[in-house]
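Here are a few short exercises to work through with the model open beside you. Try each task before reading its solution.

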Amino acid sequence: MAQEILELKKEIASLKSELTSLKTTVSVLNGVINTNKNYTDSKITELEQKLTKY
């Protein structure tokens, strides 16, 4: 029983570590999404400005 508890504690620690890693990955991906959105929005605005000149 003690061995099973120890194994479960190890598994929980591993899962916590994996969760932290996934949260970091999600945070990075959200940053990339925002960067891409801002870039796309700026290009759209740029093109709209060019179109209104003509």
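A salt bridge here is a side-chain nitrogen of Lys or Arg within 4 Å of a carboxyl oxygen of Asp or Glu. Keep in mind that the model is predicted.

**Exercise 1.** Decide whether E46 and K43 form a salt bridge, and find where they lie.

*Solution.* Start with the distance: the closest N and O atoms of E46 and K43 are 3.7 Å apart. The cut-off is 4 Å, so the pair counts as a salt bridge. Next, place the residues: both lie in helix α1, three residues apart, about one turn of the helix. Finally, check exposure: E46 is partly exposed at 36% relative accessible area, and K43 is partly exposed at 32%.

**Exercise 2.** Apply the same steps to K37 and D41.

*Solution.* The closest N and O atoms are 2.8 Å apart, and K37 forms a salt bridge with D41. Both residues belong to helix α1 (residues 2–53), with a spacing of four residues, about one turn of the helix. K37 is partly exposed, at 47%, and D41 is also partly exposed, at 33%. By this rule the count comes to two salt bridges.

**Exercise 3.** Describe the overall form of the protein, beginning with its secondary structure.

*Solution.* Count the elements: there is one helix and there are zero strands. The radius of gyration is 23 Å, well over the 10 Å that the globule rule gives for 54 residues, so the protein is more spread out than a compact globule. Its C-alpha trace spans about 80 × 10 × 5 Å along the principal axes. As for burial, 0% of the 54 residues count as buried.

Key
Residues are numbered from 1 along each chain as its sequence is written. This is a predicted model: local features need pLDDT of at least 70, side-chain atom pairs count only at pLDDT 80 or more; totals for chains, interfaces and linings use all residues. Side-chain values use heavy atoms; hydrogens and water are left out. Helices (H or I, at least four residues) and strands (E, at least two) are DSSP runs, numbered from the N terminus. Buried means under 20% relative accessible area, exposed over 50%, partly exposed in between (1.4 Å probe, protein chains only). The radius of gyration is taken over C-alpha atoms; the globule rule is 2.2 Å times the number of residues to the power 0.38.
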